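User: Please take a close look at one part of this model, the empty space within the fold. What lines it, and how does that fit with the rest of the chain?

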Amino acid sequence: MDFKYDVIVIGAGHAGCEAAAAAANLGSKTCLITMDMNKIGQMSCNPAVGGIAKGQIVREIDALGGYMGLVTDRTSIQFRMLNRSKGPAMWSPRAQCDRAKFIWTWREILENIPNLHIWQDTVEEIIVEKEKIVGLTTCWGITFYAKCIILTAGTFLNGLMHIGRKMLPGGRCAEPASYHLTESITRHGIKAGRMKTGTPVRIDARSVHFDLMETQDGDNDFHSFSFISEPRRLKQLQCWTCYTNEEVHAVLRSGLADSPLYNGQIQSIGPRYCPSIETKIVTFPEKPQHQLFLEPEGESTQELYLNGFSSSLPLEIQLNALKKIPCFKDVCIYRSGYAIEYDYFDPTQLTHTLESKIIKNLFFAGQVNGTTGYEEAGGQGIIAGINAHINCVGGEPFILGRDEAYIGVLIDDLVTKGVDEPYRMFTSRAEYRILLRQDDADMRLTERAYQLGLAKRNRYDALCKKKKEIERIINFVKTYSVKAEKINPALEKMGTTQLTHGCKLIDLLCRPQINIASISPYIPAFQEILEQISNRKDEVIEAAEVLIKYKGYIERERTIADKIHRLESIRIKDKFDYANLQSLSTEARQKLQKINPETLAQASRIPGVSPSDINVLLVLLGR
């Protein structure tokens, strides 16, 4: 071993795994450094992947040739498609996973990627020469050299855990924190801050009265995370729901004086959209109850995760509050909930490739950029890994637009707007969410990834085949004429208006009461077309139906996105001395000076930069 690499990734969480895999699969000699090889891809909080908008990110990672979707499908113990009552832009996949199998599936994949080496150690210092990173040193005194380094340290940088008034250093329960690395980075002028997150108790299933809970079953249909996955392998399990009550809230209130969130012990900001149970009762004092979700940690373990009950209150308060819920009256737990504070770095100090603006070839991805969630981390990781490889070999930066991917929205939000609390992705953050559906992530991204060399031939061939089959369905329904007298009996059964004269089949499919599955049995020629689909038939039919039913909305949103692209093409980086442009508002001058946006479109998305400020820049560019 010469300890010299093209790319080194620090941290083997969800961002680190995707970053290392991407760089290595593209051909860079890569090293993944982790404190513990037995915790690769660890689910630090809930044992689940996906959810609202997060599921779309995982589908995008998969479409790009990443692994989070494949690992999730192989270890899934319950799958659900959320928001099915809404339009397809809102459909979001989510899966419970076997926590232990998730780790070992990731490790098996990484250990068998050519060009990728794993090293167990703790990084303490980065080595910078002439504002360019060249290497690092570890706690064991080993020096590594690299062309590019990607930092994906999660919650480990100066991590501090809290349970009541008790504080312990650590990056995760029973795992040490990482020291000195933050200071090694900030001495070069990179700004750091502190954030907080938390996790709930883990419950012994043998102590739960499941008969006093409502069950929540999964979906057993064709949906999955990966576009190339095989059917789910593991036994599919139930989840359960229950509610807190006024007695629970009274116990929780009695412990607020010892809550690190309210006694001044924790100063940093936690995730607004995943609050602790004590935050819920303080913020919403009028609510008599809060819903909780009890989720299995694995296929065969007795350990359960209580989603919605994140807490850092003293252990006795957590236990006494739980026992006021009927199903937990005899509860026994494996460990208490706790909060954790950790260092992050202001993401406005990064370019859209996630490379530092201050230290060349140093990339940041994941929770160190102020995000929260495995999916957001994985999305950043694959982009950082791709661009680190490009920095090593040359080529155009790989950047996804806001109309191309939720990953593009995520990164643009981070580097343009920055964060004042842990960032979580939602569908509402994407202005083009009709274009960014979970069903078409492969259509949007796989060809780009294949041209890059990350998506393999089998994935690209599957995409081409899928496209042809979708086109065949759409062309058929556009051209096939339906006769009123033949189809009206079927329309009557479906509860929709009968025809007075013939029409094209596509006109019927645009009706909300009709779908391909319900009408195809009445049209033998159409049924024959569908039976010829040889692979992932249900997925192809669903994708075709979405394109048919939402064609007008999709085209309208594409037109709007194309207009915004005109501003994306107007590059303004380093063209203005913003501090001296008196025609701009004071806030705009300050924000533009700080961020130095790449394009006029990025400038328009900076909070505090108004449309009139953009018009000023357009006039100055014209001059």
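Analyst:
**Enclosed and open space**

The lining of the second largest cavity consists of 1 nonpolar, 3 polar and 4 charged residues. Here Ala, Val, Leu, Ile, Met, Phe, Trp, Tyr, Cys and Pro count as nonpolar, Asp, Glu, Lys and Arg as charged, and the others, Gly among them, as polar. The model is predicted, so local features need pLDDT of at least 70 and side-chain atom pairs pLDDT 80 or more, while totals for chains, interfaces and linings use all residues. Residues are numbered from 1 along each chain as its sequence is written, and side-chain values use heavy atoms, without hydrogens or water.

The residues in that lining are Arg59, Phe222, His223, Ser224, Gln438, Asp439, Glu539 and Glu542. They surround about 50 Å³ of space. A cavity is a set of points on a 1 Å grid over the protein atoms alone where a 1.4 Å probe fits but cannot get out, and a lining residue has an atom within 4 Å of a point. Volume is the space filled by probe spheres set on the points, which are joined across faces, edges and corners.

In the whole structure, the search finds 5 cavities of 30 Å³ or more. The largest has a volume of about 60 Å³. Its lining is made of Arg402, Asp403, Glu431, Tyr432, Ala561, Ile564, His565, Glu568 and Arg605. By class, these are 3 nonpolar, 1 polar and 5 charged residues.

Open space is treated separately: a pocket is an open set of points with protein on both sides within 12 Å along at least five of seven lines. The second largest pocket holds about 550 Å³. Of the 26 residues that line this pocket, His352, Thr353, Ile399, Arg571 and Glu598 are the closest to its centre. Three elements give two or more residues each to the lining: α9 (374-393), α10 (406-417) and α18 (551-568). Helix α9 gives the most, with 3 residues. The lining divides into 4 nonpolar, 12 polar and 10 charged residues.

The setting is a chain with 21 helices and 22 strands, both taken as DSSP runs numbered from the N terminus (helices H or I, at least four residues; strands E, at least two). The C-alpha atoms fill a box of roughly 80 × 75 × 55 Å along the principal axes. The radius of gyration is 26 Å, which agrees with the value near 25 Å for a compact globule of 623 residues; it is taken over C-alpha atoms, and the globule rule is 2.2 Å times the number of residues to the power 0.38.

Among the strands, six form an open sheet with antiparallel pairing in the order β14-β15-β16-β17-β13-β18. Because β14 (214-216) and β18 (333-335) are at the edges with a single partner strand each, one side of each has no neighbour in the sheet. Strands count as paired if DSSP finds at least two bridges between them. Within this sheet, β15 (residues 239-243) and β16 (residues 291-296) run antiparallel and are joined by 4 bridges, with tyrosine 243 opposite glutamine 291.

Another antiparallel pair is β10 (residues 160-163) with β11 (residues 166-169), again over 4 bridges. In this pair, isoleucine 163 faces lysine 166 of β11. The hairpin has 2 residues between its strands, and glycine 164 takes a positive phi near 60°.
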